[in-house]
Amino acid sequence: MVEIFQKYMGTGLILILFAAAVIYLLLYEKRKPVRILLVYVPILVLLIFFNPLFYRFFSFMVEDEIYFRLGWLLPVTVVLAYTVIVIYQKMQGKKQLVFALVAAIVLIVSGKLVYSSQLYSRAENPYHVPQKVVDICDAIELEGREVMAAFPGEFLLYVRQYSPFVCMPYGREVIMGQYNELYTLMMSDEIDVERLATLAKQYLCHYIILPEDKLLLGDMEEYSYEVFANMHGYVIYRDTTMNFSLVYEESE
């Protein structure tokens with residue numbers, strides 16, 4: 001729970017400011033409805049979040065990879081905005097302007113621009129996913145059935161958004177820190193081809209997509225993978241031993 005919350009905190013400064021704002025409202029806010037919404041509710045959410053019994057129950061009923069989303073119940077933005085306004089209104093003259101500027105600067109430097117992450121890019125098409133995702137998924141899709149493909153990390157958030165027919169052996173949980181040997185190998189600077197092929201076949205991967213400049217220790221063809229296509233700086237390898245029928249045949 002602590003580790004999950006640390007990842008949720010990011011740089012941590014925003015939640016430090018949030019905690020300070022909650023303490024301030026606890027001491028000085030007199031209106032009961034406001035205290036319930038902006039003080040007691042956040043405290044209750046945190047008590048639930050750090051409750052070991054609830055964590056075990058949540059993990060059993062759902063999955064612990066999304067446990068961090070409970071943090072979304074914390075009204076961080078509302079509490080910070082309300083507290084800044086309350087303090088601002090208690091000041092007069094130039095003090096108000098100075099406080100407003102300081103508060104704005106502190107909030108700005110407390111985090112980083114979310115769109116600076118490599119997981120975001122400027123929209124290139126109506127699907128709002130990188131064009132390379134569209135082209136590669138279109139190339140490997142088969143009408144009437146699903147295919148399994150191992151993608152590098154930069155594709156993870158987009159493939160499932162674009163195509164319901166292209167499946168992956170791992171998802172965003174690996175970005176959140178969950179270990180997956182195949183994904184770890186895919187993201188390595190050097191890839192042991194024998195191990196890659198073994199893991200990919202265990203996950204029944206029809207395709208493996210790798211950057212063209214990825215250093216491969218071995219020959220993919222020796223392990224029944226052929227070059228299917230090259231596009232956008234990536235090589236698409238196809239398992240020659242798997243069934244690529246357009247539809248599943250029903251048993252008679």
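This passage describes the overall form of a predicted model of a protein chain and then its aromatic pairs.

The secondary structure of the protein chain consists of ten helices and seven strands. The C-alpha trace extends over about 75 × 40 × 35 Å along its principal axes. The radius of gyration of the protein chain is 25 Å, whereas a compact globule of 252 residues would have a value near 18 Å.

Of the 252 residues in the protein chain, 36% are buried. The exposed surface of the chain comes to about 15700 Å², and carbon and sulfur atoms supply 60% of this area. Among contacts with a separation of 6 or more, 58% are made by residues 24 or more positions apart. The chain carries 20 positive and 28 negative charges, and the mean positions of these two sets lie 25 Å apart.

The count of aromatic pairs in the model is twelve. One of them joins Phe54 and Tyr67, with ring centres 6.4 Å apart and ring planes at 50 degrees. Planes under 30 degrees apart count as stacked and those over 60 as edge-to-face, with the rest counted as tilted; the pair of Phe54 and Tyr67 is therefore tilted. Phe54 belongs to helix α4 (residues 52–61), while Tyr67 is in the loop between α4 and α5 (76–90), so the pair ties together parts that are 13 residues apart in sequence. The two residues are also described by their accessibility. Phe54 has a relative accessibility of 26% and counts as partly exposed, whereas Tyr67, at 0%, counts as buried. The cut-off for a buried residue is under 20% relative accessible area.

A second example is the pair of Tyr170 and Tyr183, in which the ring centres are 5.2 Å apart. The planes of Tyr170 and Tyr183 stand at 70 degrees, so this pair is edge-to-face. Tyr170 lies in the loop between β2 (166–167) and α9 (181–186), and Tyr183 lies in helix α9 itself; the pair therefore ties together parts that are 13 residues apart in sequence. Tyr170 counts as buried at 3% relative accessibility, and Tyr183 is buried with a relative accessible area of 15%.

Aromatic residues are also grouped in the model. One aromatic cluster is formed by Phe49, Phe50, Phe54, Tyr55, Phe58 and Tyr67. Both members of the tilted pair, Phe54 and Tyr67, are thus found in this cluster.

Terms used
Residues are numbered from 1 along each chain as its sequence is written. This is a predicted model: local features need pLDDT of at least 70, side-chain atom pairs count only at pLDDT 80 or more; totals for chains, interfaces and linings use all residues. Side-chain values use heavy atoms; hydrogens and water are left out. Helices (H or I, at least four residues) and strands (E, at least two) are DSSP runs, numbered from the N terminus. The radius of gyration is taken over C-alpha atoms; the globule rule is 2.2 Å times the number of residues to the power 0.38. Buried means under 20% relative accessible area, exposed over 50%, partly exposed in between (1.4 Å probe, protein chains only). Contact means heavy atoms within 4.5 Å. Accessible areas come from the Shrake-Rupley method with a 1.4 Å probe; for residues, only the protein chains shown count as cover. Lys and Arg count as positive and Asp and Glu as negative; His and the chain ends are not counted. The place of a charge is taken as NZ of Lys, CZ of Arg, CG of Asp or CD of Glu. Rings of Phe, Tyr and Trp (its six-membered ring) pair if their centres lie within 6.5 Å; planes under 30 degrees apart count as stacked, over 60 as edge-to-face and the rest as tilted.
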